[in-house]
Amino acid sequence: FVFAVCHNVLLEHWRAPETENIDDHIEPAIDEPDQEDAMITEERKRAVHRILNRMKPPGGVILRANMQGFPNDEICARFGITRDYLRVLLFRARAEFREKYLAHDETDGDESSLPR
């Protein structure tokens, strides 16, 4: 019964005249990023680097190593800490970074807003 209903619905669909062209709904692919988007991305990268450089040690260094993809075991060995303490340090560093980044973002990238 279900198969027959589905079959009939498909037949109705195929018999219906095409009123729309499918190409009308396809958005053109964007080959190159917009210059404004590229500038915004570059400014955000610079802001991230400035904030990381101004963070209290060891949080900034550990967060940078984590963001660069170093394995947690390697970070622990380099700083002589346990994995549990690394988790705590990363949590604190992310919270500090988030606070400074949001403060930076609210002032539209004004250098004077960053702590020295």
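I began at the end of helix α3 and found that G69, which follows this helix, has a positive phi, near 95°. I note here that I am working from a predicted model, and I keep that in mind for each entry below.

I then went back into α3 itself and asked which of its residues are buried. I listed G59, G60, I62, L63 and A65 as buried in this helix, and when I looked for what covers them, I found that the cover includes α2, α4 and α5.

Next I turned to the largest nonpolar core, which has 17 residues, and looked up which of them touch the most other members: these are M55, I62, L63, L86 and F97. The elements that give two or more residues to this core are α2 (35–54), α3 (59–67), α4 (72–79) and α5, and I noted that α5 gives the most, with six residues.

I followed L86 further and, leaving aside its neighbours within four places in sequence, I found it in contact with I62, N72, I75, C76 and I81.

I did the same for L90, whose place is in helix α5. Is L90 buried or exposed? I recorded a relative accessible area of 5% for L90, and because the cut-off for buried is under 20%, L90 is therefore counted as buried. Its contacts, again without neighbours within four places in sequence, are I62, L63 and N66. I also checked the backbone here, and the C-alpha atoms of L90 and I62 are separated by 7.1 Å, although these residues are 28 apart along the chain. I62 thus appears in my contact entries for L86 and for L90.

For the aromatic rings, my search came to a count of one aromatic pair. The pair is formed by F97 and Y101, and I entered it as stacked, with 5.8 Å centre to centre and 15° between the planes. Both residues lie in helix α5 (residues 83–106), four residues apart, which is about one turn of the helix, and both F97 and Y101 are buried.

Last, I looked at the surface, where F1, V2, V5 and V9 make a nonpolar patch of about 450 Å². I took V9 as the residue to examine there, and placed it in helix α1 (residues 2–15). With a relative accessible area of 52%, V9 is exposed, because the cut-off for exposed is over 50%.

How values were computed. Residues numbered from 1 in each chain as written. Predicted model: local features only at pLDDT ≥ 70, side-chain atom pairs only at ≥ 80, totals over all residues. Heavy atoms only, no water. Phe/Tyr/Trp six-rings, centres within 6.5 Å; stacked < 30°, edge-to-face > 60°. Buried < 20%, exposed > 50% of the residue type's maximum accessible area, 1.4 Å probe, protein only. Patch = residues over 30% accessible without salt bridge, like charges linked within 9 Å, V, L, I, M, F, W, Y side chains within 5 Å. Areas by Shrake-Rupley, 256 points an atom, 1.4 Å probe, with all protein chains shown as cover. Salt bridge = Lys/Arg side-chain N within 4 Å of Asp/Glu carboxyl O. Core = buried A, V, L, I, M, F, W, Y, C linked by side-chain atoms within 4.5 Å. Contact = heavy atoms within 4.5 Å.
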